Amino acid sequence: MHGKRILLIIGGGIAAYKSLDLIRRLRERGATVRCVLTEGGAQFVTPLSVSALSEQPVYTDLFSLKDETEMGHIRLSREADVVLVCPATADLLARMAAGLAGDLASTLLLATDKPVLAVPAMNVRMWQHPATRRNVARLREDGIAILDPAEGPMACGEFGPGRLPEVPDIVNWVAARLEEAPRPLSGTKILVTAGPTHEPIDPVRYIANRSSGKQGYALAEALARLGASVTLVSGPTHLPTPPGVTRVNVETAREMAAACQQALPVDAAVCVAAVADWRVEASDQKIKKDAGGTPQLTFLENPDILATLSQAAENRPRLVVGFAAETENVIPHAQAKIARKGCDWIVANDVSPAAGVMGGERNAVHLITSTGVETWPEAAKADVAQKLAERIAHALAESR
Ligand code: C5P
């Protein structure tokens, strides 16, 4: 971070007091920090403290004649290597997502040609509100890097995600963004499905499978690290959303299919989810034990998402990758699957209980493409994900 110029925009939330420590830590790492306070930000920290710690003038007013003659807001937005918004309040994120420019901070954010990083902090309900989720997803699509908030007790007395991450974590994250090499998947959009689906039997019961979602989440994370804008359509899992990934939660196969259609067009689609092949004709009411006899379940076939994406007449991704979980004859079954579904590649693995893949941390896969079969050595799911993400980057670059 040595010698980097950071324009720090301090939004108006209680976490703003931590920005004072952030200025010190960024400067300790050799960065120059110039600060802008929003009107709200100035309610929590004073321009004098910010100026003393940054040893730079502090900017607060879009219409300041003095600032405008000395610096000018366009220059201020460009004379930095990166613009860091911390804390990014719900209001500031909403204004950024909408492209508003009613004050100095939002004007700079609209006028800058530099990478923008945002560190949100707010009440848990505000963070989880659909409007904020929408704004965050939109900003990520616009290429803005957003650090997910931490979880824990909040100043307002509630508990949950929304806290500003610890200052050293923010500094490391900013440093990593600044040091990032050019990324091979920048500018591409990739859809990943992951996890199991839950198919309801009645309002309280469902059919599911043992997929943990780990491999799909690891892949989404690796693709995002290589610069892709990743939409992760996920069945129910207990996993945190990987950094930089837009996650859409679904329960059933039909919801997953609809969410995938919504995500189109994409450059590549990777179907890692263990989608239930069958759903049950669900009962509207809880099936009663004393209703007489054993209940009979009627099964209906679920849509095949991988086949639908592979065979789409319109918007077919340039690369469609399926996963094949098999318990025997892994390679022949996977080859037959490529032909049947019409996808480009299949990543095949042995999920017989002895292999310990489902729910485990490691995976041994075969990559089956039109040119043959590669057997990869057993590795952590994160390493399999990294290798597959690099292969996808290579294939997309070739087919451009
Ligand atoms: O046919 P099978 O379930 O073995 O195929 C597995 C592959 O197909 C996986 O990539 C899985 O995500 C995908 N699939 C799907 N929709 C289904 C069933 C499977 O996308 N309904």
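How many residue pairs are in polar contact across the interface of domain 1 and domain 2? The rule finds zero, counting pairs with both residues at pLDDT 80 or more. A polar contact is a pair of N or O atoms within 3.5 Å; within protein, one must be able to donate a hydrogen and the other to accept it, and residues adjacent in sequence count only if both atoms are side-chain atoms.

This is a predicted model: local features need pLDDT of at least 70, side-chain atom pairs count only at pLDDT 80 or more, and totals for chains, interfaces and linings use all residues. Residues are numbered from 1 along each chain as its sequence is written, and side-chain values use heavy atoms, without hydrogens and water.

**Stop 1: the domains.** Select 5–178 for domain 1 and 189–399 for domain 2. These bounds come from an automatic or database domain assignment. The C-alpha centres of the two domains lie 37 Å apart.

**Stop 2: the contact.** Four residues from domain 1 meet five residues from domain 2 (contact: heavy atoms within 4.5 Å). Domain 1 and domain 2 bury about 370 Å² between them (accessible area, 1.4 Å probe, that two parts lose on being put together, summed over both). Of that area, 43% is on carbon and sulfur atoms. Now select Arg140, Glu141 and Asp148 in domain 1. They lose the most area to domain 2, together 77% of what the domain 1 side buries. Between the domains, salt bridges number zero (side-chain nitrogen of Lys or Arg within 4 Å of a carboxyl oxygen of Asp or Glu).

**Stop 3: back to Glu141.** Add Lys189, Ser229, Thr231 and Thr246 to Glu141: these residues line the second largest cavity.

How values were computed: On a 1 Å grid over the protein atoms alone, a cavity is a set of points where a 1.4 Å probe fits but cannot get out, and a pocket is an open set with protein on both sides within 12 Å along at least five of seven lines; lining residues have an atom within 4 Å of a point.
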